[in-house]
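Biologist: Before we get into details, can you put the model up so we can both look at it?

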Amino acid sequence: MTSLASLSLSKMVDIHSHILYGVDDGARSLGESLEMCRLSAEDGISVIVATPHAHDNVHKTHDPVFLQRRVDELNEKLGGRPRVELGCELRFNHDLVNQVCKNKSAPTLAGDCYVLVEFPHSVVPLGSERALFELMSNDIRPIIAHPERNQMLMAEPERFYALVEMGILGQADTGSFTGQFGKKVQQAARCLLDHGLLHIVASDCHNTRNRLPGMSAAVAVIGELVGDEYAIAMAEDNPAAVVKGKPIPTQPSPVLPRKRSRWFFFNRG
Ligand SMILES: [Fe+2]
């Protein structure tokens, strides 16, 4: 059996990061971008997808040509360690198909098959299933960014089960497992993981101060919870398939989480 202790995690692929400087609430300078990439490589990340927010409140530009130039600039300076690719973190809206497939203002995750979609913090908007289904009908598979941090999904994880049953994937943030976002988010991440509803872990790094790059600490936590083989799949094999535009190789059978009362959820320590 593969063991984290015997494996050096050197092929991790981070599909969610805010390493491009000056385009959203992530890196603020070229120096910070490069430092984030250097820390990622040191941690064992070989490919990092830059996913600037495509969300009116936080992005400063969503011109894919401009964003690609920033990616090229980083790759030139980094010499392939790590390799940087372009994607985006697309705020959910009802115009996803136009943005991703028609006017292509929202870049897919390196390959042409997956897009990272973020729900608002507190709700899953009405009609989400339909908009996400439309994307899938256009051969784009949505990956939901950090469902464990969405308040509605934290309280009603069975809603996320329904999306996974449709073929949608879940990407958890490293900080959700290490406790950076608090106990309730940590419990929600564990719940989704236990029920086979998470497929990829990614850093969602924003800077070199408090939203750091790196994935190995969270991978170790996931390994303790569900075994090292699945932890490695979430950090290496599955995200590597995403950037190549291939089907993810490891996907557990989803299990419907038991309904919990909102009172129970919001009153746990
Ligand atoms: Fe993000």
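**Starting from one strand**

Biologist: Y114, L116 and E118 point one way from β6; which residues point the other way?
Modeller: Strands here are DSSP runs of E of at least two residues and helices are runs of H or I of at least four, both numbered from the N terminus. Both faces of β6 are buried, where buried means 20 or more other C-beta atoms (placed from the backbone) within 10 Å of a residue's own, exposed means 12 or fewer, and partly exposed is in between. Opposite to Y114, L116 and E118 come V115 and V117.

Biologist: Quick check on the ground rules: what pLDDT do side-chain atom pairs need to count?
Modeller: Residues are numbered from 1 along each chain as its sequence is written. This is a predicted model, in which totals for chains, interfaces and linings use all residues, local features need pLDDT of at least 70, and side-chain atom pairs count only at pLDDT 80 or more.

Biologist: Back to β6: which residue in it is the bridge partner of E89?
Modeller: Strand β5 (residues 89–91) runs parallel to β6, and three bridges join them; two strands pair if DSSP finds at least two bridges between them. E89 has its bridge partner in β6, and that is L116.

Biologist: And what is the hand of the crossover from β5 to β6?
Modeller: The chain gets from β5 to β6 through helix α3 (residues 96–102). With the strands pointing away from the viewer, a right-handed path from the first strand over the helix to the second runs clockwise. By that test, this β-α-β crossover is right-handed.

Biologist: On the β7 side, which residue stands opposite Y114?
Modeller: β6 and strand β7 (residues 141–145) run parallel and are joined by four bridges. Together with α4 they make a right-handed β-α-β unit. Facing Y114 from β7 is R141.

Biologist: Is A131 buried, exposed or partly exposed?
Modeller: A131 sits in helix α4 (residues 128–137). Leaving out residues up to four places away in sequence, A131 touches H94 and L96; contact means C-beta atoms, placed from the backbone, within 7 Å. Because 17 other C-beta atoms lie within 10 Å of A131, the label is partly exposed.

**The two sheets**

Biologist: Which strands stand at the edges of the six-stranded sheet?
Modeller: This open sheet has the order β3-β5-β6-β7-β8-β9 and parallel pairing. Two strands have a single partner each, so one side of each is left without a neighbour: β3 (53–54) and β9 (200–202).

Biologist: What's the average twist in the three-stranded sheet, from one strand to the next?
Modeller: That open sheet runs β1-β2-β4, with parallel pairing. β1 (12–17) and β4 (83–86) stand at its edges, each with one side lacking a neighbour because each has a single partner strand. From strand to strand, the twist averages 20 degrees.

Biologist: At about what angle does α10 run to β1?
Modeller: Helix α1 (residues 30–43) lies across β1, β2 and β4, at about 140 degrees to β2. Axes are lines fitted to C-alpha atoms, for helices over the stretch in contact, and angles between N-to-C directions go from 0 to 180 degrees. Helix α10 (residues 228–244) lies across β1, β2 and β4 too, and its angle to β1 is about 65 degrees.

**Core and odd spots**

Biologist: Which element gives the most to the largest nonpolar core?
Modeller: A nonpolar core is a set of buried Ala, Val, Leu, Ile, Met, Phe, Trp, Tyr and Cys residues joined through C-beta atoms within 7 Å. The largest one has 74 residues, and those touching the most other members include I15, L116, V201 and M234. With nine residues, the top contributor is α10.

Biologist: What is the omega of the peptide bond from R81 to P82?
Modeller: P82 is in the loop between α2 (64–78) and β4. The bond from R81 to P82 is cis, with omega near -5 degrees.

Biologist: And what is the phi of D204?
Modeller: D204 is in the loop between β9 and α9 (216–226). With 26 other C-beta atoms within 10 Å, D204 counts as buried. Its phi is positive although D204 is not a glycine, at near 50 degrees.

Terms used. Two residues are in contact if their C-beta atoms, placed from the backbone, lie within 7 Å.
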